Amino acid sequence: MVRFTAAVPSPQTITEGEKVTDDLQFTWELSGSGWATSFIADSSSEHKHFVSYCTDALADLLHSVAGLYGTARIQRFSFDLEPDEARWVLRGQGPHVDIEIRQFPDMSASFDAPDEEGSLCWSSTQRRSSLGHAVVEAGQALLRRHGEAGYHAKWVRYPFPVAALQDLRRLHLRDDNCQREHDLNLP
């Protein structure tokens, strides 16, 4: 398993009672034909989902994180867990992002339901740069490990979202002034 960890020695307070920990870990691992394991963690908690290929889940994730670099303050996307729905709600707060993952018991019945109707599974406030970097690194690690053809063979329904990964990396490098290492040799 490839895991990217960005760590800063101490949390920084952005508002009273709200901490930005900058210690985000995120992985996306193909775990079988048409299945992936999504793992996210900070210093307080972690969360794992087993995601189905019924949606183009990795592309949805990449597009939503990239959307945080635009004018929309809220990005939402869902993973199909067959039958559950794991809905990610990303709320941009300046240079920070509030991340919530909510779970609903039946994706076919909950897709248009208000966020609050889902059970809160995981939440964190992170720097947008940390989230962008972690997701780019996870996508690049997946591409290095499987290649485009290998990813498509395992994920089955959708090709590797190269353009979405390139777009997120471009926005992250342009807007985040990230000082961490980046693999610019990958598409």
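A residue is called buried when its relative accessible area is under 20%, and this cut-off underlies what follows about the helix α1. In this predicted model, the buried residues of α1 are Ala57, Leu58, Ala59, Leu61, Leu62, Ser64, Val65, Ala66 and Gly67. Because nine of the 11 residues of α1, which spans residues 57-67, are buried, this helix is largely enclosed by the rest of the structure. What do the buried residues of α1 pack against? Their neighbours are the strands β4 (25-32), β6 (46-52), β7 (74-80) and β8 (85-93), together with the helices α3 (128-155) and α4 (162-175).

## The chain as a whole

The protein chain contains four helices and 10 strands, and, when it is read along the sequence, these elements follow the pattern β-β-β-β-β-β-α-β-β-β-α-β-α-α. Of its 187 residues, 53% count as buried. Among the contacts in the chain with a separation of 6 or more, 53% are accounted for by residues 24 or more positions apart.

The mean pLDDT of the protein chain is 89, and 88% of its residues reach 70 or more. Over residues 1-18, however, the pLDDT is below 50, although this stretch has 37 contacts in the model beyond near neighbours in sequence. Where pLDDT is low, the predicted coordinates should not be read in detail.

## The four-stranded sheet

Strands of a sheet pair through backbone hydrogen bonds, either parallel or antiparallel. One open sheet here has four strands in the order β7-β8-β9-β10, and their pairing is antiparallel. The strands β7 and β10 (119-127) stand at the edges with a single partner strand each, so one side of each is left without a neighbour in the sheet. On average, and with direction ignored, neighbouring strands of this sheet are turned by 15° against each other.

Within the sheet, β8 is joined by nine bridges to strand β9, which covers residues 96-104, and the two run antiparallel. Tryptophan 88 stands opposite isoleucine 101 in β9, while arginine 87 has arginine 102 of β9 as its bridge partner. Helix α1 packs on this sheet, where it touches β7 and β8, and its direction makes about 170° with that of β7. Helix α3 also packs on the sheet, touching β8, β9 and β10, and its direction makes about 105° with that of β10.

The strands β8 and β9 form a hairpin with two residues between them, and glycine 94 in the turn has a positive phi of about 65°. Strand β9 is mostly covered, since eight of its nine residues are buried. With β10, strand β9 pairs in the antiparallel sense over eight bridges, and aspartate 98 stands opposite threonine 125 in β10.

## The hairpin of β5 and β6

Strand β5, residues 35-41, is joined to β6 by seven bridges, and these strands run antiparallel. They form a hairpin with four residues between them. Phenylalanine 39 has lysine 48 of β6 as its bridge partner.

The antiparallel pairs described so far can be set side by side.

| Pair of strands | Bridges joining them |
|---|---|
| β5 and β6 | seven bridges |
| β8 and β9 | nine bridges |
| β9 and β10 | eight bridges |

Phenylalanine 50 also has its place in strand β6. If residues up to four places away in sequence are not counted, phenylalanine 50 touches Trp35, Ala36, Thr37, Asp80 and Leu81. How far apart in space are phenylalanine 50 and glutamate 82? They are 32 residues apart in sequence, and their C-alpha atoms are 9.1 Å apart in space.

## Two packed helices

Two packed helices are described by the angle between their axes and the distance between the axes. For α3 and α4, the angle is about 145° and the axes are 10 Å apart. The crossing in which α3 passes α4 is left-handed. On the side of α3, the contact is made by Arg128, Ser129, Gly132, His133, Val135, Val136, Gly139, Gln140, Leu143 and Glu148, and on the side of α4 by Val162, Leu165, Leu168, Arg169, His172 and Asp175. Sorted by class, this contact of α3 with α4 has six nonpolar, six polar and four charged residues.

Note on methods. Residues numbered from 1 in each chain as written. Predicted model: local features only at pLDDT ≥ 70, side-chain atom pairs only at ≥ 80, totals over all residues. Heavy atoms only, no water. Buried < 20%, exposed > 50% of the residue type's maximum accessible area, 1.4 Å probe, protein only. Contact = heavy atoms within 4.5 Å. Axes fitted to C-alpha atoms, helices over the stretch in contact; angles between N-to-C directions. Left-handed = near helix turned anticlockwise from the far one by under 90°. Nonpolar A, V, L, I, M, F, W, Y, C, P; charged D, E, K, R; others polar. Pairing = 2+ DSSP bridges. pLDDT = per-residue confidence, 0-100.
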